[in-house]
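Open the model in your viewer and keep the selection tool at hand. The tour below goes from the surface to the core and out again.

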Amino acid sequence: MPQKYDSLKLENQLCFPLYACSREITKAYAPFLDKLDLTYTQYITMMVLWEHRTISVKAMGELLHLGSGTLTPLLKKMEQKGLLTRTRDTQDERVVMVSLTPKGEAMREDALEVPQNMGACIHLTQEEAGQLYGILYKILHSLE
């Protein structure tokens, strides 16, 4: 094949190993998150709530890089599980606030083992993990 098409080879794409890694890492999370009855997206949503306790849907979407079309049904399902509540802001009814419930807070203890278990799956030194983290966030911020 002519060199002209080298840029179209899968092996020459930066996006492909990022995509494949993301899928494989999410798959590796599954057995740990199944114990919590959470999907990966629900888990990262809980991480935001554990940190902020109450946050607007808009702010949560920005932190998670998720649109309202993804976030709204996700939050609805999590509310049905009793992990969070959604209420209209008293100052501005257009704003929906998401708050952690006592059941959602209690789940935090059980979730402590997830990062440890995942760390054992990914064989990087702390230095390599730090470098990768920095590079990935540099890419993410450059695309915003």
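Buried means under 20% relative accessible area, exposed over 50%, and partly exposed in between, with a 1.4 Å probe and protein chains only. The model is predicted, so local features need pLDDT of at least 70 and side-chain atom pairs count only at pLDDT 80 or more, while totals for chains, interfaces and linings use all residues. Residues are numbered from 1 along each chain as its sequence is written, and side-chain values use heavy atoms, with hydrogens and water left out.

**Stop 1: a surface patch**

Select Leu-14, which sits in the segment before α1. Helices (H or I, at least four residues) and strands (E, at least two) are DSSP runs, numbered from the N terminus. With a relative accessible area of 60%, Leu-14 is exposed.

Now add Leu-18, Ile-25, Ile-122, Leu-124, Leu-132 and Leu-136: together with Leu-14 they make a nonpolar surface patch of about 550 Å². Patches are made of residues with over 30% relative accessible area and no salt bridge; like charges are joined within 9 Å, and nonpolar side chains (Val, Leu, Ile, Met, Phe, Trp, Tyr) within 5 Å. The areas come from the Shrake-Rupley method with a 1.4 Å probe, and for residues only the protein chains shown count as cover. Both α1 and α7 (126-143) supply at least two residues of the nonpolar patch.

**Stop 2: aromatic pairs**

Rings of Phe, Tyr and Trp (its six-membered ring) pair if their centres lie within 6.5 Å; planes under 30 degrees apart count as stacked, over 60 as edge-to-face and the rest as tilted. By this rule there are five aromatic pairs. Select Phe-16 and Tyr-19, a tilted pair with 6.4 Å centre to centre and 40° between the planes. Both residues lie in helix α1, three residues apart, about one turn of the helix. Phe-16 is partly exposed at 35% relative accessible area, and Tyr-19 is partly exposed at 49%.

Next select Tyr-29 and Tyr-43, whose ring centres are 5.7 Å apart with planes at 45°, so this pair is tilted. Because Tyr-29 lies in helix α1 and Tyr-43 in helix α2, the pair ties together parts that are 14 residues apart in sequence. Tyr-29 is buried, at 14%, and Tyr-43 is buried, at 3%. Add Tyr-40 to see the cluster that ring pairs form from Tyr-29, Tyr-40 and Tyr-43.

**Stop 3: the core**

Which residues have the most contacts inside the largest nonpolar core? They are Tyr-43, Met-46, Leu-49 and Met-60, in a core of 27 residues. A nonpolar core is a set of buried Ala, Val, Leu, Ile, Met, Phe, Trp, Tyr and Cys residues joined through side-chain atoms within 4.5 Å. The helix α2 gives the most to this core, with six residues.

Show the surroundings of Tyr-43. Its contacts (heavy atoms within 4.5 Å), leaving aside neighbours within four places in sequence, include Leu-33, Trp-50 and Pro-115.

**Stop 4: salt bridges**

A salt bridge is a side-chain nitrogen of Lys or Arg within 4 Å of a carboxyl oxygen of Asp or Glu. The structure holds seven salt bridges. Select Arg-53 and Glu-105, which meet in one of them at 3.5 Å, N to O. Since Arg-53 lies in the loop between α2 and β1 (54-56) and Glu-105 in helix α5, the pair ties together parts that are 52 residues apart in sequence. Add Arg-108 to complete a network of salt bridges with Arg-53 and Glu-105.
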